[in-house]
Amino acid sequence: MSVFRASYADLITSRPVVTYNHVPSMAVNGNTKPTQSIHLDIDNGLFTNNQFNGQFVSRQDHRLYEFSDVPAFLRGNPFIKTGYRVYLSRRDCFKSLFIWSNESINIWSHLLGFIVFFLLMLYDNIFFTQVTRGTFSDRVIVTLGLLCFQFCMLCSAGYHLFRCESELTDRSWFAYDLTGISVGLLGCYLPGVYFGFYCLSVWRDIYLIIVSLLFVTVMLCQTDPRYYSEKYYWSRALLYCGLTGYGIMPTFHWIYLSGGFHTELVQMFTPDVAVVYMLGMTAFYFYITKTPEKCFPGHFDYIGSSHQIWHILIVFSFLWWHKSGYDMLLFYKDNSCPVPE
Ligand SMILES: [Zn+2]
């Protein structure tokens, strides 16, 4: 296993040319190799070239590496054994969009997700009045929800595309990625609360204020650098679970205010809420457990890994939720506001 004695962040913020030691623990034949030196030329804070395992690696080199060869900041999942991009400049990271690596599906799933939500936003705004007979406020909420989804998709795609550049870049984009998840959840809550409490304006405003406060709190947490550390992995996971799970409270309140489970509105839309929670929980299960690659390490490096499944399920849950909001708005326009018994 390779051991790097200096972190990339240290290197980036220090002197322009750095030499440090690469110490392979054991060679293939069982003999320890002599210590090798890695020369890193740093230009404006970025790697220009280096010598790695005795081979020259240029910034234009799109070679893929194995888990044991990549620096610690790229070792998030020990069950993904091959297909790592590393030491790429920002430009080459961008070019690597078209290289088949273990990040390809992570990048493209959310890049395509961004395009889908962007096109939906155009469609909704062009045909909104004809299709839904909605008001200007309805259109603003639908558009805001889709903008949140687009932001989430772009942050995620950017993180997976550029994280191989350096540890500093990885950390910066990881912060964007987590912010994107929070904003994506906000994109679920805004139309969810707005359309759920469409006929109950006081409760709608109260829940919109509560949701806004929750998101401001999460954003404040994200200003602390410790929030992104490995030590706080489970705290972060719990925070997002709490943020998502909180939605159950207004859901039951909405069922009660709408007249209970036997009303047409509740019977039509409670399954929609159940489906979006099922999708979210399934996605979270894959994310946390690293299934299926944990059972078959190295077999899902390029296709079928847990993170790819998480990405795809998130896109589907956003799409489902958008459609549910649309259906609910159409229901109100066709049936007017139901009167609770
Ligand atoms: Zn991701």
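Let's start with what the record says: an unreviewed UniProt entry marks residues 105-128, 140-162, 174-194, 206-225, 237-256, 268-288 and 300-321 as "transmembrane region". Keep in mind as you look around that the model above is a predicted one.

Two of those stretches are worth following along the chain. Residues 174-194 are 100% helix and 0% strand, with 30 Å between the C-alpha atoms at the two ends. Residues 300-321 come out at 73% helix and 0% strand, and here the end C-alpha atoms sit 29 Å apart.

Now look at the helices themselves. Helix H5 takes in residues 167-196 and helix H10 takes in residues 306-335, and the two pack against each other at an angle of about 15 degrees, their axes 10 Å apart. Angles under 35 degrees count as roughly parallel, so that is the label for H5 and H10. Their crossing is left-handed. If you want to find the spot where they meet, look on the H5 side for Gly-184, Cys-188, Pro-191, Gly-192 and Phe-195, and on the H10 side for Phe-318, Trp-321, Gly-325, Met-328 and Leu-329. Sorted by class, this contact between H5 and H10 has 7 nonpolar residues, 3 polar ones and no charged ones.

H10 also takes us to another part of the picture. The same kind of UniProt annotation, again from an unreviewed entry, lists His-160, His-307 and His-311 as "binding site". These histidines are spread over 152 residues of sequence, yet they cluster in space, with a largest C-alpha distance of 11.3 Å.

Take His-160 to begin with. You'll find His-160 in helix H4, which covers residues 136-162. Is His-160 buried or exposed? A residue counts as buried when 20 or more other C-beta atoms lie within 10 Å of its own, and His-160 has 25 of them, so it is buried. Setting aside neighbours within four places in sequence, His-160 is in contact with Glu-103, Asn-106 and Ile-107.

Then there's His-307, which belongs to helix H10. His-307 has 21 C-beta neighbours inside 10 Å, so it counts as buried. And what does His-307 touch, once residues up to four places away in sequence are left out? The answer is Asn-106 and Tyr-287. Asn-106 is worth a second look, since it turns up among the contacts of His-160 and also among those of His-307.

Conventions:
Residues numbered from 1 in each chain as written. Predicted model: local features only at pLDDT ≥ 70, side-chain atom pairs only at ≥ 80, totals over all residues. Axes fitted to C-alpha atoms, helices over the stretch in contact; angles between N-to-C directions. Helix = DSSP H or I, 4+ residues; strand = E, 2+ residues; numbered from the N terminus. Parallel < 35°, antiparallel > 145°, perpendicular 65-115°, else oblique. Left-handed = near helix turned anticlockwise from the far one by under 90°. Contact = placed C-beta atoms within 7 Å. Nonpolar A, V, L, I, M, F, W, Y, C, P; charged D, E, K, R; others polar. UniProt positions renumbered as here; feature names shortened; annotations may be inferred. Buried ≥ 20, exposed ≤ 12 C-beta atoms within 10 Å, placed from the backbone.
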